[in-house]
Amino acid sequence: MTSTQTPSAPTALILGASGAIGSAIARVLAEDGWDLVLTHRRDSEAFSGLVAALSATSASVRTVKADLTDQAVGEVLAEAVGPSPLQGVVYASGPTIRMTHISKISPAEVRGQFEADTLGFYTAIHALIPALRKGRGALVSITSAAINRYAKKDMLSVAPKAAVEAMTRGIAAEEGRFGVRANSIGVGVIDSGLWHDLMAQGAYTEEYLNAARRAIALPRFGTAEDIAQATRFLLSPEAGWISGQLLNVDGGYAL
Ligand SMILES: NC(=O)c1ccc[n+]([C@@H]2O[C@H](COP(=O)([O-])OP(=O)(O)OC[C@H]3O[C@@H](n4cnc5c(N)ncnc54)[C@H](OP(=O)(O)O)[C@@H]3O)[C@@H](O)[C@H]2O)c1
């Protein structure tokens, strides 16, 4: 007997969908026919604009307000997903960072950064593993290319992201038996999102950017769209035998 049922669309949950990288990922996944659960921490014009733009696509979109530093965020996310499977989870969240030398960073500041990034990631992902198992889904963690080639003054970003990357490999190793894949994308210098915060802080001086230009193989900085295209691939069936990898999308920075 031939089934006339249309297969249901896969669902991806994007943590940090209100950010530059998260929103670019939401747009490409909607184009590919994914249904989306989008998290945001604040109400922002950028996020309402994204949701409005997605309403013109065929994607079913649900939004969840969630602060990853909230200890109850796991329950908030599990409740939002309910008994449904997830075929994709993307971690595209992270606090803004202060770029400075390790000698000028207090342990308290490091603790805060790990809480907002690494612990936030762990709390959210831990709660979503049952839905990923049900969906035989894939996790993509947005981390940093500086995990492979250290960038001076970037410790507050790199160290928490290195821990996120290690946890992502752990999930790949332990959850593979349930059909779950997990990979990270090491983001290089991209002209989106956090870049604008760092410009405003004065961390990205002309001298810094010139040095960054010389450090990458390709003759341009990246964009959120570059990261979204790599995420699209890692979530797709074409990447069905790729797990536990860190894919640097960095213009050849981490060579
Ligand atoms: N852009 C780059 O050059 C670059 C390079 C390497 C790595 N990365 C990393 O990639 C990630 C995304 O970068 P981006 O450029 O897209 O940054 P972004 O535009 O600043 O977006 C950050 C996202 O994280 C969310 N967020 C921050 N703190 C949160 C919290 N406590 N709870 C829940 N959500 C929280 C924000 O939510 P709200 O806006 O709703 O508050 C937003 O969705 C960051 O972790 C960043 O460090 C970026």
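Three exercises with worked solutions follow, on a predicted model.

Residues are numbered from 1 along each chain as its sequence is written, and side-chain values use heavy atoms, without hydrogens or water. Local features need pLDDT of at least 70 and side-chain atom pairs pLDDT 80 or more, while totals for chains, interfaces and linings use all residues.

**Exercise 1. The ligand shell**

Task: find which residues surround the ligand and which polar contacts reach its oxygen atoms.

Solution.
1. Count the shell. It holds 24 residues, each with a heavy atom within 4 Å of the ligand. The closest are Ser-18, Ile-21, Arg-42, Leu-68 and Lys-161.
2. Sort the shell. Nine residues are nonpolar, eleven polar and four charged. Here Ala, Val, Leu, Ile, Met, Phe, Trp, Tyr, Cys and Pro count as nonpolar, Asp, Glu, Lys and Arg as charged, and the others, Gly among them, as polar.
3. List polar contacts (pairs of N or O atoms within 3.5 Å; within protein, one must be able to donate a hydrogen and the other to accept it, and residues adjacent in sequence count only if both atoms are side-chain atoms). A backbone N or O atom of Gly-16 lies 3.3 Å from a ligand oxygen. For a backbone N or O atom of Ser-93, the distance to a ligand oxygen is 3.1 Å. Lys-161 places a polar side-chain atom 2.7 Å from a ligand oxygen.
4. Check the cover. Alone, the ligand has 900 Å² of accessible area, and the protein covers 92% of this (Shrake-Rupley method, 1.4 Å probe; for residues, only the protein chains shown count as cover).

**Exercise 2. Strand 6 and its partners**

Task: determine whether the residues of strand 6 are buried or exposed, and which strands pair with strand 6.

Solution.
1. Locate strand 6 at residues 181–187. Strands (E, at least two residues) and helices (H or I, at least four) are DSSP runs, numbered from the N terminus.
2. Test burial (buried is under 20% relative accessible area, exposed over 50%, partly exposed in between; 1.4 Å probe, protein chains only). Seven of the seven residues are buried, so strand 6 is largely enclosed by the rest of the structure.
3. Find the pairs (at least two DSSP bridges). Strand 5 pairs with strand 6 in the parallel sense over seven bridges. Thr-143 stands opposite Gly-186. Strand 7 (246–249) runs parallel to strand 6, with four bridges. Leu-246 is the bridge partner of Ser-184.

**Exercise 3. Thr-231**

Task: place Thr-231 and find what its side chain reaches.

Solution.
1. Thr-231 sits in helix 8 (residues 224–235).
2. Thr-231 is buried, at 0% relative accessible area.
3. The Thr-231 side chain reaches the backbone oxygen of Ile-227 at 2.8 Å.
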